[in-house]
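User: Hi! Could you walk me through this structure? I'd like to start with what you mean when you call a residue buried.

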Amino acid sequence: MPIVYKKSKAFFQEQVSAEEAEALLEWLQKTKHGEIDFTKAKHIHTAVLQVLLAGDIRISVWPEVTSLRSWLQHIFEKKHTK
Amino acid sequence: MNELLALFISESRDNLQKIGEDILAYEKDHANTNIILELFRIVHTLKGNSGLFSFPDMTRVLHASEDLMIAVRDKKIPFSQEIADTLLDAMDFVGTLLDDIAAHDQLTVNYTEAANAHIQKIQSIKDGAIGVSQVAVPAKPKTIQVPARTPLSIPFTSISISDTITEQEAQNLFIEAIQGKCTLHLVIYTPEEECFYKGEDPFYQIMQTPKAIWGTAYPRGTLPDLKELDFYRCTLDFYCVSSADKNDLTHHFRYIPEQVRIEPISPYCLVAFHGEPNGGPVYGDFVTEAIKYLEAGDLESLKFSAQTLLNFSSPNLWISSALRWLLLLIDKIPQDRSAIKQVLEAINSFKNPLFPLFNDAEEPAEISQEPAVIAPSQNDKEVEKPRELVKQTDRRSVIQDIIKTQLKIIGQHLNRPGTEGQMSACFFAIKGCLTAIQCKELDLFERLAQQVLNTKQLGALVSWLETIVGPLPGIDTLQKSQHAQNSEKPQYAHPQVQPAAVAPSVPKETTHEESVQFLKVDQSKIDHLMDLIGELVVSKNALPYLAGRAEKIYGVRELSKELKGQFAVINRIAESLQDAIMKVRMVPVGVVFQRFPRLVRDLSRKLNKEVELVLEGQDTEVDKAIVEALGEPLIHLVRNAIDHGIESTEVRTQKGKSPKGTILLRAYQETNHIVVEVQDDGKGMDGAVLKQKAFEKGLISEEQLHSLSEQEALNLIFISGFSTAAVATDISGRGVGMDAVKSMVDKIGGTIELQTVLGKGTTFRLNLPVTMAITNVMVIQTNKQLFGIPMSMVVETLRFPREHITIIKNHATIVLRNRVVPVFSLNKLLGLVVPPLTNEDDEYALVVVHYNGEQVALIVDGFAEVVDIILKPLEGTMASLKVYEGTAILGDGSVLLVLDVQELLYAHSI
C-alpha cells in the first residue's frame, strides 16, 4: 500500500500514484489536521499533491529522498511551518 | 529496416488513409458522432505508436490534432471546412514524415519548425483566438515560444537557492554564470488540465528536469475546498531552476513545448547562505563598518575586514557562508556595489538576500506582485464565481469520461471468469461519480449493476446512466473494441477490415464475423509465390510433351498413358493453386478509389467548382497489379473531368443544370474483364471542335478533317500533344494527359473507350483484364516461327480464300460480315520478306485483332494452341523493342515471343 492510514496519520511509501488521490481525499475529509509522514515516499503523483495542498494537513516527517524533500519543502513551506 | 518500424510505417499509412476518409465523411455528416469518435481513436493510436519510436514532431502534431478533435467532439467548436483543411494538412505532414522515415529509417530533416507551424495553426483554431476563416499557415513559421510569449504571471519575484546544492557548487555555478559559461534558466511548466488522462504526471516530469537545482509548485488560481476539489484536473503550475543548456531543457519537454516556458534568470539567485545560525548584534558592527568602506569605494579594506572576521568564525556558521559569498562578490564583480550592499544588508538582517529573479533587461513577463494565496478566502470565491460555473460543466464531462472508461473496463471483463473483483471496483468508481453529482438513485444503480453481473449485458445500465449524466457516445465504439479484443484478432489486421460500429443492442451472434483472422503479408512474398506458381503452371505443360515423346519416339504407350494421367492430377492441383493465389492477390478497386474523395474535394475548391463524387462498385476485386497500375490513369481522368468537364457553378445554373456537378467513379465485372468508368455530367465534347483543333495543331491532314467519323474525332484526344484547353492550368490541360492515360491502360492490357454527349457529359470506360500475372495467349506460326498474341486482343480466327482479298486504295482488305476489315501480313509487319503461306485450299489463316476500336486482320501461316503463360517483359537492350510484349517459356523449353499487336500496327502506320 503506497499510503498507510493510521488514525490521524498517513504514511506515504514508495511511489504514490494517482489512484491514491481519491482515498486520500476521503481520509482528509474525515481527519482534521491529518499528519503526513513522507519518510519512505519516493514519488508523489501530481493528483495526490493537489489533494495534499487543498487539505488541512501537517507534515510530520519529510521524505528521505533529497530531491523530493526539497521540492515538497518548497511547495508546502509556503503554507505550513512545522 | 527494423521490423517493428516497418510495421509502424505500414500501419500508420493505413491509419492516415482512414483518417483522411473519416475527416471527409465527417465533413459531410456532422451529426454522426461515431465518425469523430472513430477518428479520435485512430489519431490517438497513431500518436501512441509514434511516441514509441520517438518522433516527437509527429507526436506533437498528432497530439494537437487530437486536442482539436476533442474540442469538436465535445462541441466546444463547430466543425468547419477550415478545420477539415487544417487536420488534412496536418495528416499530410505526418505522411511526409512517414515517407522520410520509410526511405531512411529515420528523419533526415529537421521538421520542428514545420510541426510548430501546424501546431500553431491547430491551436489558434482550437482557441478561437483568430477567426477560423482567417487561419492560414504562416509562410515563415514562428517558433513554438509564441503562445508562451503572452504575459505570464509568476507568483514570486525572487528565490534563494539554498538547500539543494552545496555552497561550493553554488559558487562555482555563479562564477561560470557571470563568466557567461552557463546560464541559469527558470522553467515555467503549466500543464494542461486534462494531462492526467493522457498518463502524464507533471510533478514527475518537472522533477526529472536536467540539472535542476530548485523547484516549487503553485496552485493555478485558488485551490477549492476538499469537497469541491476535482483532483483529476491538474491545476498546479510548476517552477524549476536549472543550470542545463536551453536545448537540453527544450529536449526534455519536447512533447509538451506549448506548456513550457524557459527563461534565463539572474545568477544572483544562487547567492544564499548556509550554516548554523549563531550570533547577531556582534556582526552589526562589521556591517556598519563594511557599508562605510563600500560607500567610500574602499573595497580592499572591506575585503580585509571580511576576511579577518571569516578567519575568526567557525566555517560551519551561517555568517561564514555569508562572508565567503561577500568575498566572492568583491573578488569577481567588484563593480556591482548594489549587490555587495544587498549581501551586507542581508547579513545585518540575518536573512538570505533576495535578488530579483530576472535581470532588468531580460525581464520577460509580467510578474504578479501578489504572493500566491493557497487557502481560499471568501473574497476569492466571489471573484472566482464565473470560473466555478465553467468548472461545473467541465466536471460533468469528466464524470462522463470516468463512467465511460469504467463501462469499457466492465465490458472487457464481462465474459471473463474471475474478474468480479475488478468489475466491483468499476461499479464502485461509477457509484462514486454518481455520488459526486448528488444522484439520489444509488439503490437503482446497485440493482442495475447486479443485473449486469447476472445477464452479462450492459445495455440497461448504459441507458439509465445516460439519463443521469447525459449521452455516453463512446460506449458504442467501446463495445465494438471490446468485441474486437475478445475475438483476439491479431493487432495488425488487414486495413480494409475495420470493424464496423456495433450498437450495444446488436445480438451477440454477429460476432462470428470477427472470428475471421487476417494476416498481413509483405507484397513481395505474394509476388514471389505468384512467380513460383507461374513457373509450375508452365513446367507442367512439359508433361504432355514428354508423353508425346514417350509414345512417338520410344514407343512406350503405357508410360505415355501414365504420364498423361499424372499430368491431369498435377494440372488440377496447379490450377487450384493458381486460383488460390489469384484470390490472395485480388484486392478491391476501392483501394484506388479511396484517394479520390480528397482529390475531388481539394481540386473542386481550388477551381471554385462544386463537385460531388459518387463511388460505385468499390468491392469489385481485381488483381493487385491492375489496381496499382490503375491509380495514375484514373487521377488523370478525374482531374480532367473536374477541370475541363464540369462547368463552373454559374454556367451550370445558366444551362439549367444542378449547380453541383457529379463525377461517377464506377467499377464492375463483365464476364472475364473489369470495367472502370469515369463519368461526368459536364459540358461533353464536340467531335467537330476536336477535329478542327487537331487540324490546327497539324495532328491530322485536311483529308482526315473531313473524313474522320465522330468516334474517330473523339479518339483524337488520345493523340500525343493534343489539348483543347485554351489556357493550361496547373491541374491539367497540358496535352500530355490523355495519351499518357491511354498508354498506361494499354500497358496493363486494357482498352479505353470514350462516349460523350455534348452538353450532357462524358464517360471514359476502361476495360481491364482481371489479372495480369497469367496471360492467355494464342500461339500462331509464321515463317516457321512461333509467336504469341494475347487472347485479349484476338477477336476471331478464320481461314479466308486468297482470291477474296481485295485491294482498296493500295490496302489489302476483306469483307467480313458486311464490314470492311484491313488485312496485314504479319511477315511484312515483322520485316520478314517471305510471303505468307496458304493451305491446300488456297486459304490464308487470319487472326482478327482489336486496334484502336477497329478490327484488323493479320495473315499468319497457321494457328497452334492457346496456352497460359507467365509473361516476362523484355529486359536490357531488348526492352526497347516495343513490338514485343514479352517472352514466355513453353512446355518443351522453347522461348515464345509475345507480340504487342497495337505497337506492331502503330509502328507500321508511321
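Analyst: Happy to! Buried means under 20% relative accessible area, exposed means over 50%, and partly exposed is in between. Take B:N49 as a case: its relative accessible area is 16%, so B:N49 counts as buried. Please keep in mind that this is a predicted model.

User: Where does B:N49 sit, and what does B:N49 touch, leaving out residues up to four places away in sequence?

Analyst: B:N49 is part of helix α2 of chain B, which covers residues 33-52. Setting aside residues up to four places away in sequence, B:N49 touches B:F8 and B:E11.

User: And chain B as a whole, how many helices and strands are there?

Analyst: Chain B has 32 helices and 22 strands. Of its 910 residues, 46% count as buried. The accessible surface of chain B is about 45500 Å², and carbon and sulfur atoms hold 53% of that. Among contacts in chain B with a separation of 6 or more, 71% are between residues 24 or more positions apart.

User: How about chain A, what pattern does it follow along the sequence?

Analyst: Chain A reads β-β-α-β-α-β-α, with three helices and four strands. Chain A has 82 residues, and buried ones make up 56% of them. Its accessible surface comes to about 3900 Å², with 50% on carbon and sulfur atoms.

User: Now the interface. How many residues of each chain are in contact?

Analyst: On the chain A side 26 residues are in contact, and they meet 31 residues of chain B. The two chains bury about 2600 Å² between them, and 71% of that is on carbon and sulfur atoms. A:Q50, A:W71 and A:H74 supply 28% of the area that chain A buries against chain B, more than any other three residues.

User: Which elements of chain A give two or more residues to that side?

Analyst: Those are α1 (20-30), β3 (34-44), α2 (46-54) and α3 (66-76) of chain A. The largest share comes from α3(A), with eight residues.

User: How many salt bridges and polar contacts are there between the chains?

Analyst: Between chain A and chain B the count is zero salt bridges. For polar contacts, the rule finds seven residue pairs across the interface, with both residues at pLDDT 80 or more.

User: Then how many salt bridges are there over all chains?

Analyst: The structure holds 40 of them over all chains. One is B:R324 with B:E167, at 2.6 Å from N to O. B:R324 lies in helix α12 (residues 318-332) of chain B and B:E167 in helix α7 (residues 167-178) of chain B, so this pair ties together parts that are 157 residues apart in sequence. B:E167 is buried at 11% relative accessible area, whereas B:R324 is partly exposed at 27%.

User: Can you show me one within a helix?

Analyst: Sure, try B:E38 and B:R41, where the closest N and O atoms are 3.5 Å apart. These residues are three apart in helix α2 of chain B, so about one helical turn separates them. B:E38 is buried at 10% relative accessibility, while B:R41 is partly exposed at 32%.

User: Which residues are linked in a network of salt bridges?

Analyst: B:E27, B:D85, B:D92, B:R598, B:R601, B:D602 and B:R605 are linked that way. Within it, B:D602 pairs with B:R598 at 3.1 Å. Those two are four residues apart in helix α24 of chain B, so they too are about one helical turn from each other.

User: Switching to cysteines: how many disulfides does a search of the whole structure find?

Analyst: Zero, over all chains. B:C195 is in no disulfide, and the nearest cysteine sulfur, that of B:C234, is 4.2 Å away.

User: Why is there no bond between the sulfurs of B:C234 and B:C195?

Analyst: Because a disulfide needs the sulfur atoms within 2.5 Å, and the 4.2 Å from B:C234 to B:C195 is too far for a bond. B:C195 is buried at 0% relative accessibility, and B:C234 is buried with a relative accessible area of 0%.

User: Last topic, backbone angles. What is the phi of B:N608?

Analyst: B:N608 has a positive phi of about 60 degrees, although it is not a glycine. Most residues other than glycine have a negative phi. B:N608 is in the loop between α24 (596-606) and β6 (611-616) of chain B, and is exposed at 63% relative accessible area. B:N783 has a positive phi too, of about 50 degrees, and sits in the loop between β12 (774-782) and β13 (785-790) of chain B.

Note on methods
Residues are numbered from 1 along each chain as its sequence is written. Chains are lettered from A and ligands numbered from 1 in the order in which they are written. This is a predicted model: local features need pLDDT of at least 70, side-chain atom pairs count only at pLDDT 80 or more; totals for chains, interfaces and linings use all residues. Side-chain values use heavy atoms; hydrogens and water are left out. Buried means under 20% relative accessible area, exposed over 50%, partly exposed in between (1.4 Å probe, protein chains only). Contact means heavy atoms within 4.5 Å. Accessible areas come from the Shrake-Rupley method with a 1.4 Å probe; for residues, only the protein chains shown count as cover. Buried area is the accessible area (1.4 Å probe) that two parts lose on being put together, summed over both. A salt bridge is a side-chain nitrogen of Lys or Arg within 4 Å of a carboxyl oxygen of Asp or Glu. A polar contact is a pair of N or O atoms within 3.5 Å; within protein, one must be able to donate a hydrogen and the other to accept it, and residues adjacent in sequence count only if both atoms are side-chain atoms.
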